[in-house]
Amino acid sequence: MYTFGVVMTDEEKNRLSTFEARVRHLIYLHDELRRKNSELRQQLEEKENECRQVQAEYRLLERRFNDLKTATTISLNGSDVKETQLRLSQLVREVDKCIALLNQL
């Protein structure tokens with residue numbers, strides 16, 4: 001420790017020593033918080049990736065369910081004629097919307 005030509009009393013040396021210890025402790029805490037922050041960011045990124053995968057799987061399953069429902073509805077078995085008509089009407093409306101969107105381009 002360089003004193004710059006100033007003579008320090010024992011009390012001043014103790015205060016400086018305490019100050020240095022506290023600064024070192026703060027630096028240590030800062031480093032620990034940065035490490036923890038980095039870990040949390042990585043965990044967040046992993047969870048976001050997991051969430052995206054679950055959402056993609058959900059969309060796929062939803063499409064497959066709708067396809068199955070459509071296929072089941074279209075296979076007329078007599079009692080589901082009304083439901084089949086409603087489903088086909090809905091499909092026609094969806095196709096009409098798609099055509100209208102394509103015409104806007």
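Q: A salt bridge is a side-chain nitrogen of Lys or Arg within 4 Å of a carboxyl oxygen of Asp or Glu. What makes Glu32 and Arg35 a salt bridge in this predicted model?
A: The closest N and O atoms of Glu32 and Arg35 are 2.9 Å apart. That value is within 4 Å, so the pair counts as a salt bridge.

Q: Where do Glu32 and Arg35 lie, and how many residues apart are they?
A: Both are in helix H1, 3 residues apart, which is about one turn of the helix.

Q: Are Glu32 and Arg35 buried, partly exposed or exposed?
A: Glu32 has a relative accessible area of 29%, and Arg35 has 42%. Partly exposed covers the range between 20% and 50%, so both residues are partly exposed.

Q: What makes Arg15 and Glu11 a salt bridge?
A: Their closest N and O atoms are 2.7 Å apart. This is within 4 Å, so the pair meets the rule. Arg15 and Glu11 are 4 residues apart in helix H1, so about one helical turn separates them.

Q: Why is Arg15 called exposed or buried, and why Glu11?
A: Arg15 has 58% relative accessibility, which is over 50%, so Arg15 is exposed. Glu11 has 49%, which falls between 20% and 50%, so Glu11 is partly exposed.

Q: How do you know that Glu50 and Lys47 form a salt bridge?
A: The N to O distance between their side chains is 3.9 Å. The cut-off is 4 Å, so the pair is counted. Glu50 and Lys47 sit 3 residues apart in helix H1, about one helical turn. Glu50 is partly exposed at 42%, and Lys47 is exposed at 55%.

Q: Which residues are joined into one network of salt bridges?
A: Glu32, Arg35 and Glu39 are joined by salt bridges that share partners.

Q: How many salt bridges does the rule give in total?
A: The count comes to 5 salt bridges. Side chains of opposite charge can pair when their charged atoms come close.

Q: How many disulfides are there, and why?
A: The count is 0 disulfides. A disulfide needs a pair of cysteine sulfur atoms within 2.5 Å, so no pair here meets that rule.

Q: Why is Cys51 called buried, partly exposed or exposed, and why Cys98?
A: Cys51 has a relative accessible area of 40%, and Cys98 has 46%. Both values lie between 20% and 50%, so both cysteines are partly exposed.

Q: What makes Phe19 buried or exposed?
A: The relative accessibility of Phe19 is 54%, which is over 50%, so Phe19 counts as exposed. Phe19 lies in helix H1, residues 10–74.

Q: Which residues form a nonpolar patch on the surface?
A: Phe19, Val23 and Ile27 form the patch, with about 280 Å² of accessible area together. A patch residue needs over 30% relative accessible area, and Phe19 at 54% meets that condition.

Q: How many residues apart along the chain are Lys69 and Arg87, and what distance separates their C-alpha atoms?
A: They are 18 residues apart along the chain, and 9.2 Å separates their C-alpha atoms. Lys69 is in helix H1. At 36% relative accessibility, Lys69 is partly exposed.

Q: How many helices and strands does the chain have, and what share of it is buried?
A: There are 2 helices and 0 strands. Buried residues, those under 20% relative accessible area, make up 4% of the 105 residues. The chain exposes about 10000 Å², of which carbon and sulfur atoms supply 57%.

Technical notes:
Residues are numbered from 1 along each chain as its sequence is written. This is a predicted model: local features need pLDDT of at least 70, side-chain atom pairs count only at pLDDT 80 or more; totals for chains, interfaces and linings use all residues. Side-chain values use heavy atoms; hydrogens and water are left out. Buried means under 20% relative accessible area, exposed over 50%, partly exposed in between (1.4 Å probe, protein chains only). Patches are made of residues with over 30% relative accessible area and no salt bridge: like charges are joined within 9 Å, nonpolar side chains (Val, Leu, Ile, Met, Phe, Trp, Tyr) within 5 Å. Accessible areas come from the Shrake-Rupley method with a 1.4 Å probe; for residues, only the protein chains shown count as cover.
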